[in-house]
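Here's a quick briefing to read alongside the model. Take a look at the fold, then work through the notes by topic.

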Amino acid sequence: MSLDAAAIHGHCATSATHVAIETVTETGSTNADLLARVDTLSGPVLRIAGNQTAGRGRAGRSWLSAPGAALMFSLAWRFKGPLHRMSGLPMAVGVALAETIASLGVPVQIKWPNDLLRDGRKLAGILVETQTSRHDGAIWAVIGVGINLLMPDELEAQIGREVAAAPWLAKMDRNQLMAALLSRLAAVLAEFDDTGFAPFAERWNALHAWRGQDVVILDNGKVLQQGRAAGVDAIGRLMLDTEQGRAEVLSGDVSLRLSSTFATSIGLT
């Protein structure tokens, strides 16, 4: 069944009934579409595409997909701010998505800051971009999400590494799946706007894929920090237990690797 705005609305919880919903067969990037309209938005908007030809991940990376193989959408949401309080938003979004997907029968974990993993492989990515409206100075976040439902062999070859899929979710009515995700997201975003990330930290830590394991923090291939992952704090910083003591990591462009994997990749083991 194709995605239909009215059908999605019909399945939504009260938390999401005020969200305008748009569906398109194909676009370059749903995030780019909504960012271009921030100055004219009056309320939250969900934009869903059957296919994206220029999807983006964190740090400008491309998000590769195939028509019908993924659920791809962006949600524009207005926040009270201030901007510095938004640092934990991507992680709160990760909690919302992970809890929803798990409730639908597909257990997942979170890789800091917000990739969703299934059996250690990436199932979903999140890209949060903020922008201030020139019309009234309001702070908007555009939250882009891509969830792999199916993974054709040719697409995985194009990506160049093993990634996860969720064929169980692919069997669901897409409108019901989208409504479940939107309902939880809307509730979490409203709570985050009032409280910040602190109330979500414990929920995030319960979903942390590599808590208690030795990890390496990389930036463009350069080692920034290494230690034992101890979860996140009340503002979303990753806490590492190092030889020098507790360290906090807060950055928009780092890669997290298990230290054993990193050692293998550079020939240490």
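A residue counts as buried here when its relative accessible area is under 20%, and as exposed when it is over 50%. With that cut-off in hand, helix α3 comes out mostly covered: twelve of its 15 residues are buried. Keep in mind that this is a predicted model.

**The protein overall**

- The protein has eight helices and twelve strands.
- Of its 269 residues, 51% are buried.
- The exposed surface comes to about 12,200 Å², and carbon and sulfur atoms supply 50% of that.
- Take the contacts between residues at least 6 apart in sequence: 64% of them join residues at least 24 apart.

**Helix α3**

- This helix runs over residues 89–103, and its end C-alpha atoms sit 21 Å apart, which agrees with the 21 Å its 15 residues should span at 1.5 Å a residue.
- The buried set includes Leu-89, Pro-90, Met-91, Ala-92 and Val-93, and further along the helix Thr-100 and Ile-101.
- Just past the helix, Gly-105 adopts a positive phi of about 100°.

**Helix α6 and its ends**

- α6 has 22 residues and reaches 31 Å from first C-alpha to last, close to the 32 Å expected at 1.5 Å a residue.
- At the N-terminal end, Asp-173 acts as the cap, with a side-chain oxygen 2.7 Å from the backbone nitrogen of Asn-175.
- Right after α6, Gly-196 has a positive phi of about 75°.
- Asp-193 belongs to this helix, which covers residues 174–195.
- Is Asp-193 buried or exposed? Its relative accessibility is 11%, so it counts as buried, given that the cut-off is under 20%.
- Leaving out residues up to four places away in sequence, Asp-193 touches Arg-78, Phe-79, Lys-80, Gly-81 and Arg-85.

**The nonpolar cores**

- In soluble globular proteins, nonpolar side chains tend to be buried together.
- The largest nonpolar core here has 65 residues, and those with the most contacts inside it are Leu-46, Phe-73, Met-178, Leu-181, Leu-182 and Phe-197.
- α6 gives the largest share of this core, ten residues.
- Where does this core lie with respect to domain 1 and domain 2? Domain 1 (5–206) and domain 2 (210–266) both give residues to it, so it lies between them.
- Another core, of nine residues, lies apart from it, with Leu-35, Ala-76, Ala-138 and Trp-140 among its members.
- Back in the largest core, Leu-46 has contacts, beyond its neighbours within four places in sequence, that include Val-19, Ile-21, Phe-73, Leu-75, Met-178 and Leu-182.

**Ala-201 and Ile-235**

- Ala-201 sits in helix α7 (residues 201–206), and it is buried at a relative accessible area of 10%.
- Setting aside neighbours within four places in sequence, Ala-201 is in contact with Val-232, Asp-233 and Ala-234.
- The C-alpha atoms of Ala-201 and Val-232 are 6.4 Å apart, though the two are 31 residues apart along the chain.
- Ile-235 is in the loop between β9 (222–232) and β10 (238–242), and it is partly exposed, at a relative accessible area of 41%.
- Which residues does Ile-235 contact, leaving aside its neighbours within four places in sequence? They are Ser-87, Gly-88 and Phe-197.
- From Ile-235 to Met-91, the C-alpha separation is 9.6 Å, with their positions 144 residues apart along the chain. Met-91 is also one of the buried residues of α3.

How values were computed. Residues numbered from 1 in each chain as written. Predicted model: local features only at pLDDT ≥ 70, side-chain atom pairs only at ≥ 80, totals over all residues. Heavy atoms only, no water. Helix = DSSP H or I, 4+ residues; strand = E, 2+ residues; numbered from the N terminus. Buried < 20%, exposed > 50% of the residue type's maximum accessible area, 1.4 Å probe, protein only. Contact = heavy atoms within 4.5 Å. Areas by Shrake-Rupley, 256 points an atom, 1.4 Å probe, with all protein chains shown as cover. Expected span 1.5 Å × (residues − 1). Polar contact = N/O pair within 3.5 Å; in protein donor to acceptor, adjacent residues only side chain to side chain. Core = buried A, V, L, I, M, F, W, Y, C linked by side-chain atoms within 4.5 Å. Domains from an automatic or database assignment.
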